[in-house]
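Hi,

Here's the structure I promised you. Have a look around it yourself, then read on for what I found.

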Amino acid sequence: MQFDAQWLLLALAPVFLACIGWEAWHLSRTRPRTAPNAAAADNARYTWPDTLCNAALALMHQGADKLAWLVAVPVYAYVYRHFRLVSWQPGFVAWFALFVAQDLLYYAFHRASHRVRWLWAAHVVHHSSERLNLSTAFRQSLMYPVAGMWMFWIPLALLGFTPEQVVAIVLVNLAFQFFVHTQAIGKLGWLEYVLNTPSMHRVHHARNARYIDRNFAGVLAIWDRMFGSYVEEDAREAPDYGIVKPLASCNPLKATFHEWLAMARDFARMSGWRSRAAALFAPPDWCERHDALGLAPVTAAAAHARHVVPENDTEAEFGSRNP
Ligand SMILES: [Zn+2]
Ligand SMILES: [Zn+2]
């Protein structure tokens with residue numbers, strides 16, 4: 001019987017859970033509680049609300065992904081049958097080419113997910129915890145299919161890879177990324193030049209001004225170095241995990257939909273098709289910048305709700321994207 005790649009992440013669940021068990025044990029030994037609330041204050045430690053939210057988001061994402069493949073696979077198959085540019089001999093060379101091409105496309109998808117609000121509305125879920133441990137990897141959005149993540153893999157079908165190969169490599173890439181969500185592992189020497197590592201990905205989850213929107217790697221670190229988005233973790237500046245506008249909730253539904261609702265509200269209040277298009281497809285902070293320029297009035301109440309400084313303080317606010 002042939003293994004269906006769509007089940008890869010579920011098949012690996014025992015490995016993921018064993019690693020989480022190891023990390024929780026490791027943290028309890030190496031970062032002992034020194035005060036009654038020290039565990040909650042330590043942003044590496046597991047807490048029930050955060051971990052259960054991450055688990056719920058993983059299950060919701062798995063369900064949505066399974067449905068999405070029903071639509072995406074026939075699209076890949078159509079492109080593969082009618083438009084493929086290359087026919088590969090089965091073997092190592094084909095798989096290596098597929099791995100490199102998909103990882104580059106993942107880099108493009110991930111970078112776009114931080115700079116295009118429509119994509120950020122889905123991806124923000126992954127960044128909305130103020131903790132970072134292996135369970136953070138489970139924090140995914142069921143809205144990725146709506147945002148259009150699957151479209152980023154269409155070029156792979158064009159390059160002559162079968163839909164089954166495309167699904168398999170996408171999930172292998174995602175499975176690898178589970179292992180970079182930890183504070184239990186330091187820098188990994190020369191591997192930092194080649195692979196996405198825990199150190200590199202801690203920077204990606206941080207909202208410090210020097211770290212934010214950096215290190216978009218999936219598996220290979222080379223793309224960030226090639227395209228100028230690499231920042232090294234600095235031992236003198238610990239990452240501050242989370243998003244600029246804190247979610248302040250462990251409700252998986254709120255985590256999934258809060259940015260979509262905020263985007264819909266911004267879309268509705270903008271006048272003119274250019275501004276409305278920008279509310280959807282410009283960088284995530286475009287509306288705040290638009291308001292700050294005085295092109296739309298910001299009431300004190302609205303500003304407070306959205307963590308925007310309403311009046312003359314706008315330069316200070318946008319000088320740094322820190323909260
Ligand atoms: Zn990201
Ligand atoms: Zn991550």
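Let's start with a question: which residues of α6 are buried? Bear in mind while you look that this is a predicted model.

Here's the list: R117, L119, W120, A121, A122, H123, V124, V125, H126 and H127. That makes ten of the eleven residues in α6, so you can call this helix mostly covered. As for what covers them, the buried residues of α6 pack against α4, α5, α7, α12 (252–269), α13 (273–281) and α14 (286–292).

Now zoom out to the core. The largest nonpolar core has 51 residues. A122, which you just met in α6, is one of those with the most contacts inside this core, along with A147, W153 and V166. Several helices feed into the core: α4 (48–83), α5 (92–115), α6 (117–127), α7 (144–147), α8 (154–158), α9 (163–178) and α10 (198–204) each supply at least two residues.

W153 is a nice one to click on. If you skip its neighbours within four places in sequence, W153 is in contact with Y76, Q102, L105, V166 and V170.

Two of those names come up again where α4 meets α9. On the α4 side you'll find W69, V73, Y76, A77 and Y80, and they meet P163, V166 and V167 of α9. By class, this contact has eight nonpolar residues, with no polar and no charged ones.

How do α4 and α9 sit relative to each other? Their axes are 9 Å apart and the packing angle is about 130°, so the two helices count as oblique.

Cheers

Conventions. Residues are numbered from 1 along each chain as its sequence is written. Chains are lettered from A and ligands numbered from 1 in the order in which they are written. This is a predicted model: local features need pLDDT of at least 70, side-chain atom pairs count only at pLDDT 80 or more; totals for chains, interfaces and linings use all residues. A nonpolar core is a set of buried Ala, Val, Leu, Ile, Met, Phe, Trp, Tyr and Cys residues joined through C-beta atoms within 7 Å. A residue is buried if 20 or more other C-beta atoms lie within 10 Å of its own, exposed if 12 or fewer, and partly exposed in between; C-beta atoms are placed from the backbone. Helices (H or I, at least four residues) and strands (E, at least two) are DSSP runs, numbered from the N terminus. Two residues are in contact if their C-beta atoms, placed from the backbone, lie within 7 Å. Axes are lines fitted to C-alpha atoms, for helices over the stretch in contact, and angles run from 0 to 180 degrees between N-to-C directions. Angles under 35 degrees count as roughly parallel, over 145 as roughly antiparallel, 65 to 115 as roughly perpendicular and the rest as oblique. Ala, Val, Leu, Ile, Met, Phe, Trp, Tyr, Cys and Pro count as nonpolar, Asp, Glu, Lys and Arg as charged, and the others, Gly among them, as polar.
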